[in-house]
Amino acid sequence: MNQPLISIVLVAWNSAAYIPRCFQHLLAQTVQDFEVIVVDNGSKDDGCADLQEKYPTLALRVERLEINRGFSFANNLGAQLATGKWLTLLNTDAFPEPDWLERLLEAAQLHPNAFFSSRQVQANAPELLDGEGDVYHVSGLAWRNGYGARTYPLNEIREVFSACGAAAFFPREEFLNAGGFDEDYLSYHEDVDLGFRLRLRGLKCFLVPNAVVHHVGSVTFGKKSDFSIYHGHRNLVWTYAKDMPSALFWFYLPLHIFINIFFLLYFTVKGQGGAIWRAKLDALRGLVPMLKKRGAIQKNRKASIAELHRAMSRNWLAPFLTFLKRNTENS
């Protein structure tokens with residue numbers, strides 16, 4: 001078989017309810033020069049059974065893991081098995097519109113040395129955005145850009161900090177050269193960390209607003225589960241420790257400490273103190289190996305401090321306003 005232009009990696013975990021719909025949307029793509037690599041992350045359902053027989057026209061490989069090794073490990077495995085020039089990560093509960101790959105390829109031709117984020121709309125409320133790339137704040141907090149906002153007419157390709165891993169488009173060699181996702185993270189914040197490392201290596205990230213996927217989201221663990229709080233808040237500390245260049249690291253360290261104290265108090269009051277305290281204590285326990293990784297990461301930095309700083313959100317109130325707005329909407 002000829003080498004495909006694009007490799008699409010799908011990580012499945014008890015995804016039987018979503019895989020058929022996802023595959024139908026892949027079959028409808030206007031660009032068909034792709035392979036699909038499904039990594040079954042220890043599923044207990046039959047969602048990945050007989051996929052080759054069900055979809056004989058797709059160039060399809062299924063890799064089965066005995067246990068759930070986490071989102072990061074599974075995507076890295078898929079990337080290592082991929083053969084395409086472009087690596088596309090897609091959640092099984094994300095359903096791309098027919099011209100999704102076509103629009104991403106067009107953007108890649110316009111913007112070399114870059115990676116790309118899709119526009120995500122909420123599958124169950126298509127009038128609302130599920131996100132347009134990720135925001136990274138100088139405090140170390142990150143969030144999905146535009147989550148919950150009303151959809152609006154498509155506009156020009158624009159720069160964002162990083163791409164949400166639910167529907168992202170990378171030069172495969174750059175993904176691998178950067179080390180892929182950090183497997184110590186398991187899941188949550190792993191896409192922001194990877195985006196930060198790619199930016200340090202000189203790449204930029206662009207939102208492609210007409211590359212649209214409809215995303216269910218928060219299917220596996222929920223938005224405010226102890227699992228999501230633990231991994232998200234542990235991993236944000238590790239990302240700051242590994243990736244933030246020294247000049248910015250020390251300047252914004254007081255704000256980073258303050259934001260961590262704020263969330264310790266907030267989730268303790270909300271009755272999830274066990275998850276948030278474990279997150280921060282385990283983040284501190286893991287700092288030594290993360291700082292060892294930092295040495296290699298910062299050694300390969302090509303982007304200037306000023307360029308990285310411009311790509312971040314710098315409004316000191318933004319994390320609090322964003323957090324309070326989303327909690328008010330979801331309450």
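Let me start with helix H4, where the face turned away from the buried side carries two exposed residues, Gln109 and Leu110. Please keep in mind throughout that this is a predicted model. H4 runs over residues 100-110, and its buried residues are Trp100, Leu101, Leu104, Leu105, Ala107 and Ala108. If you look down the axis of H4, these buried residues fall within an arc of 160°, so they line one face of the helix.

From there I would like to move to strand S6, which covers residues 114-122. How many of the residues of S6 are buried? The count is 9 of the 9, so S6 is largely enclosed by the rest of the structure. It may help to go through the strands that pair with S6, one after another.

With strand S12, residues 204-215, S6 pairs in the parallel sense, and the pairing extends over 9 bridges. One residue pair to look up on your screens is Phe115, whose bridge partner in S12 is Cys205.

With strand S7, residues 125-131, the sense is antiparallel, and 3 bridges join the two strands. Here Gln120 stands opposite Gly131 in S7, and the connection from S6 to S7 is a hairpin through 2 residues.

With strand S11, residues 167-171, S6 again runs antiparallel, joined by 2 bridges. The residue to find in this case is Phe116, which stands opposite Phe169 in S11.

That brings me to S11 itself, and to the question of which way its side chains point. Ala167, Phe169 and Pro171 point one way from the strand, while Ala168 and Phe170 point the other way. In a regular strand, as a general matter, the side chains alternate between the two faces of the sheet. In S11 the residues pointing either way are all buried, and with 5 of the 5 residues buried, this strand is largely enclosed by the rest of the structure.

S11 also pairs with strand S4, residues 86-91, and these two run antiparallel with 5 bridges between them. Thr88 stands opposite Phe169 in S11, and Phe169, as I said, is also the residue opposite Phe116 of S6.

Now let me leave the strands and turn to a loop, the one between helix H5, residues 172-177, and helix H6, residues 190-200, where Tyr188 has its place. His189 is found in this loop between H5 and H6 as well. What is notable about the backbone here is the phi angle: for Tyr188 phi is near 75°, a positive value in a residue other than glycine, and for His189 phi is likewise near 75°, again positive in a residue other than glycine.

Are these two residues buried or exposed, or do they fall in between? Tyr188 has a relative accessible area of 28%, and is therefore partly exposed. His189, on the other hand, is at 13% relative accessibility, which means that it counts as buried, because the cut-off for buried is under 20%.

Finally, I would like to show you a place on the surface. Ile257, Ile261 and Leu265 form a nonpolar patch there, and together they have about 280 Å² of accessible area. Ile257 lies in helix H8, which spans residues 246-269. With its relative accessibility of 45%, Ile257 counts as partly exposed, since the exposed class begins over 50%.

Notes:
Residues numbered from 1 in each chain as written. Predicted model: local features only at pLDDT ≥ 70, side-chain atom pairs only at ≥ 80, totals over all residues. Heavy atoms only, no water. Buried < 20%, exposed > 50% of the residue type's maximum accessible area, 1.4 Å probe, protein only. Helix = DSSP H or I, 4+ residues; strand = E, 2+ residues; numbered from the N terminus. Arc of directions from axis to C-beta. Patch = residues over 30% accessible without salt bridge, like charges linked within 9 Å, V, L, I, M, F, W, Y side chains within 5 Å. Areas by Shrake-Rupley, 256 points an atom, 1.4 Å probe, with all protein chains shown as cover. Salt bridge = Lys/Arg side-chain N within 4 Å of Asp/Glu carboxyl O. Pairing = 2+ DSSP bridges.
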